[in-house]
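Hi,

Here is the structure I promised to pass on. Have a look at it first, and then read on for what turned up.

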Amino acid sequence: MFIPRDVISGLVLSGGQGRRMGGTDKGLQPFKGAPMAMHTIMRLEPQVDVVKINANRNLAAYESLGVSVLPDVIGDFAGPLAGFQAGLENCEHPYLVTVPCDSPRFPMDLVEKLSEALIIQDLDLAYAATMENGELRTHPVFALMKSSVTDSLLPFLSGGGRKIDKWFESMKTNYVVFDDVAAFANVNTMEELRALQG
């Protein structure tokens with residue numbers, strides 16, 4: 001039991017400042033011959049009905065990737081939740097899934113597994129996790145949510161809230177464990193980008 005892709009919008013999160021990469025725009029960094037965000041878009045497209053991208057810089061460059069670009073609704077690079085809100089406010093479907101631009105190898109069954117958990121457990125939001133060396137590691141920006149969660153996110157952000165886990169506590173959420181730890185490898189530095197390319 002899972003949610004059909006034609007009722008799910010996809011959002012690639014690329015709205016950060018890239019501080020650990022010297023302020024470069026991570027989503028536009030070349031990865032195997034194309035911008036990293038392009039790889040992310042291509043992995044997400046088969047899993048959803050439409051893909052958009054959340055970005056706050058280089059908007060024309062992102063538009064050239066062939067998707068709609070949504071800047072944060074609130075300013076000052078407020079983090080991934082601001083990207084969530086931008087996606088939710090422009091979501092034409094009952095569900096929204098988010099993925100970061102800097103993990104170009106995430107699972108091709110990401111949305112299917114998250115949607116199965118959302119339906120079976122009657123959740124507001126389901127997110128990814130992996131087991132690494134016997135310890136649970138959560139990946140909260142890989143999230144599938146009902147579009148109605150905007151009703152709780154907007155007041156949370158307006159009140160100064162920025163931490164994903166604190167917002168999650170206000171709703172019915174749960175994680176889904178994925179077996180492939182490497183699929184969630186993300187790029188924060190140029191060294192990590194080179195390693196992932198290799």
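**Pro-104 and its surroundings**

Pro-104 has a relative accessibility of 4%, so it counts as buried. Keep in mind as you read that this is a predicted model. Pro-104 sits in the loop that runs between strand 6 and helix 4. What does Pro-104 touch, once neighbours within four places in sequence are left aside? Its contacts are Phe-31, Met-36, His-39, Thr-40, Arg-43 and Leu-196. Phe-184 is worth finding too: it is 80 residues from Pro-104 in sequence, yet the two C-alpha atoms are 8.2 Å apart in space.

Several of those partners bring us to helix 1, which covers residues 36–44. That helix is mostly covered, with 7 of its 9 residues buried. The buried ones are Met-36, Ala-37, Met-38, His-39, Thr-40, Ile-41 and Leu-44. Met-36, His-39 and Thr-40 are among the residues that Pro-104 contacts.

**The chain as a whole**

Stepping back, the protein chain has 7 helices and 9 strands. Its radius of gyration is 16 Å, close to the 16 Å that the globule rule gives for 198 residues, so the chain is as compact as a globular protein of that length. If you want a feel for the dimensions, the C-alpha trace spans about 40 × 35 × 30 Å along its principal axes.

Buried residues make up 48% of the 198 in the chain. Of the contacts with a separation of 6 or more, 71% are between residues 24 or more positions apart. The accessible surface comes to about 9200 Å², and carbon and sulfur atoms account for 50% of that. As for charge, there are 17 positive and 24 negative side chains, and the centres of the two sets lie 5 Å apart.

**Inside the core**

Which residues touch the most other members of the largest nonpolar core? Out of its 56 residues, they are Leu-44, Leu-110, Met-145 and Trp-167.

Leu-44 is one of the buried residues of helix 1. Not counting residues up to four places away in sequence, Leu-44 touches Gly-10, Leu-11, Val-12, Val-51, Val-97, Val-99, Phe-106 and Val-111.

Met-145 belongs to strand 8, which covers residues 135–146. Its relative accessibility is 0%, so Met-145 counts as buried. Leaving aside neighbours within four places in sequence, Met-145 is in contact with Phe-84, Leu-88, Pro-94, Tyr-95, Leu-96, Thr-98, Asp-124, Leu-125 and Trp-167. That puts Trp-167, another of the core residues named above, among the contacts of Met-145. Glu-89 and Met-145 are 56 residues apart in sequence, with 13 Å between their C-alpha atoms.

**Back to the loop, and a few charged residues**

Asp-109 is in the loop between strand 6 (95–100) and helix 4 (110–120), where we also found Pro-104. Is Asp-109 buried or partly exposed? Its relative accessibility is 29%, which falls between the cut-offs of 20% for buried and 50% for exposed, so Asp-109 counts as partly exposed. Not counting residues up to four places away in sequence, Asp-109 touches Gln-47 and Phe-178. Gln-47 and Asp-109 are 62 residues apart in sequence, while their C-alpha atoms are 7.6 Å apart.

Two other residues caught my eye for their backbone angles. Lys-32 has a positive phi of about 50° although it is not a glycine. You will find Lys-32 in the loop between strand 2 (30–31) and strand 3 (34–35), and with a relative accessible area of 48% it is partly exposed. Asp-122 also has a positive phi, of about 55°, and is not a glycine either. Asp-122 lies in the loop between helix 4 and strand 7 (125–132). It is partly exposed, with a relative accessible area of 48%.

Finally, Lys-166 lies in helix 6, residues 164–168. With a relative accessible area of 47%, Lys-166 is partly exposed. Phe-156 is 10 residues from Lys-166 along the chain, and their C-alpha atoms are separated by 9.2 Å.

Cheers

Methods:
Residues are numbered from 1 along each chain as its sequence is written. This is a predicted model: local features need pLDDT of at least 70, side-chain atom pairs count only at pLDDT 80 or more; totals for chains, interfaces and linings use all residues. Side-chain values use heavy atoms; hydrogens and water are left out. Helices (H or I, at least four residues) and strands (E, at least two) are DSSP runs, numbered from the N terminus. The radius of gyration is taken over C-alpha atoms; the globule rule is 2.2 Å times the number of residues to the power 0.38. Buried means under 20% relative accessible area, exposed over 50%, partly exposed in between (1.4 Å probe, protein chains only). Contact means heavy atoms within 4.5 Å. Accessible areas come from the Shrake-Rupley method with a 1.4 Å probe; for residues, only the protein chains shown count as cover. Lys and Arg count as positive and Asp and Glu as negative; His and the chain ends are not counted. The place of a charge is taken as NZ of Lys, CZ of Arg, CG of Asp or CD of Glu. A nonpolar core is a set of buried Ala, Val, Leu, Ile, Met, Phe, Trp, Tyr and Cys residues joined through side-chain atoms within 4.5 Å.
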